[in-house]
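User: I would like a close look at a single part of this protein, the packing of its helices and the core around them. Please take me through it in one connected account.

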Amino acid sequence: MYAISIREPGGPDVLEWTEHPDPEPGPGEVVVDVVASAVNRADVLQRQGNYPPPPGASEIPGLECAGRIAALGDDVEGWSVGDPVCALLAGGGYAEKVAVPAPQLMPVPDGVSLTDAGGLPEVACTVWSNLTLAGRLQAGETLLVHGGTGGIGTHAIQIGKALGARVLATAGSPERLQTCLDLGADVAIDYHDDLPSEVASATDDRGVDVVLDNMGASNLKANLTALAIGGRLVIIGLMGGAKTEINLGAMLGRRLSISATTLRGREVEGPDGKGAIVAGTRDQVWPLIGRGEVRPVIHEYVPVAEAARAHAALDEGGVIGKIVLVVRDE
């Protein structure tokens, strides 16, 4: 098969479409003939040498895919060769074939093409697990989504609204602020402005119940200030750095909590494993997509052999939603 290799850590030009051995399904795994994958920020970090795959995972980038089952390993039940599926991966999505643990498979949501489904599993599992498990978001609460026009942000706005929350979202230009509103955000905030003041104005000085943050250190003080009493900050990215100081006294007095989570390196099994998160996403999010309450936001379709061009676009900024990498026709 052919797949994307990372020649060495560096810029988009280190991505090369080269020949690789065909994967074989191990016990409890299936092999998928990939129709599409998608570009995630984690792929960019891996390309740069800053986010190596977990032990035992494929060195090929790509944390999600959609396609058709080509082969079944031992002890796989409930799936058949030829089934259309999408899957959460620890790596390997930028390829013609990939081996996937069966618990990380999902059917394609109703109303979504197999190609578009290639950009759903990573954002859907990340958003659902962080908003509902880590963030404990409830109907009637207020959610703040940072990076509202990115892959995660466009999905989180829609999921927050579907869960019955009031949603505030940040973005960096008038056009992007309007995109957040078009996706259902109640308030769009320019991230160049003073965040705590903007949140206070939008919430009658109460603050927000949950913050979904992709920046880390650079946003920490502002995020904690913006939280309501009992608020929960969920950090899923470190684009703004990993280290800063924190005032624990302010947290104690207002009963605040911080969660910092990743998805890629989790075990497959167990109550906090990827299999459980995939099952929850399938049960809770797929019906929302089927009813049209949540939809994939696709910026562009790019042939997988041109993954370097897709990475360059993400590096340059301006991408709204996901770039889908097309491997073969549906």
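Analyst: What follows goes from a pair of packed helices to the core, and then to two loop residues. The model is a predicted one, and the description below should be read with that in mind.

The pair consists of α3, which covers residues 121–134, and α4, which covers residues 151–162. Their axes lie 9 Å apart and make an angle of about 50 degrees. An angle between 35 and 65 degrees falls outside the ranges for roughly parallel and roughly perpendicular, and α3 and α4 are therefore oblique to each other. The handedness of the α3 and α4 crossing is right-handed.

On the α3 side, the residues that meet α4 are Val123, Ala124, Thr126, Val127 and Leu131, while α4 brings Gly151, Ile152, His155, Ala156, Ile159 and Gly160 to the contact. Sorted by character, the residues of this contact comprise 7 nonpolar and 4 polar ones, with no charged residue among them.

Helix α4 also holds threonine 154, which counts as buried because its relative accessibility is 3%, against a cut-off of under 20%. Leaving aside residues up to four places away in sequence, threonine 154 touches Gly148, Thr149, Leu183, Val297, Ile320 and Gly321.

Turning to the core, the largest nonpolar core has 44 residues, and Leu143, Ile157 and Trp286 are the members that touch the most others. Helix α3 gives the most to this core, contributing 6 residues. Tryptophan 286, again leaving aside residues up to four places away in sequence, touches Cys86, Met106, Pro107, Val108, Pro109, Leu120, Ala124 and Thr281. Ala124 thus appears in two settings, since this α3 residue is listed in the contact with α4 and is also touched by tryptophan 286. Apart from the largest core lies another, of 33 residues, with Ala3, Val44, Leu314 and Ile323 among them.

Two loop residues complete the account. Aspartate 75 is found in the loop between β4 (64–72) and β5 (84–88), and although aspartate 75 is not a glycine, its phi is positive, at about 70 degrees. Because its relative accessibility is 70%, aspartate 75 counts as exposed. Aspartate 205 is placed in the loop between α6 (195–202) and β11 (208–213), and this residue, also other than glycine, has a positive phi near 70 degrees. With a relative accessibility of 64%, aspartate 205 counts as exposed.

Methods. Residues numbered from 1 in each chain as written. Predicted model: local features only at pLDDT ≥ 70, side-chain atom pairs only at ≥ 80, totals over all residues. Heavy atoms only, no water. Core = buried A, V, L, I, M, F, W, Y, C linked by side-chain atoms within 4.5 Å. Buried < 20%, exposed > 50% of the residue type's maximum accessible area, 1.4 Å probe, protein only. Helix = DSSP H or I, 4+ residues; strand = E, 2+ residues; numbered from the N terminus. Contact = heavy atoms within 4.5 Å. Axes fitted to C-alpha atoms, helices over the stretch in contact; angles between N-to-C directions. Parallel < 35°, antiparallel > 145°, perpendicular 65-115°, else oblique. Left-handed = near helix turned anticlockwise from the far one by under 90°. Nonpolar A, V, L, I, M, F, W, Y, C, P; charged D, E, K, R; others polar.
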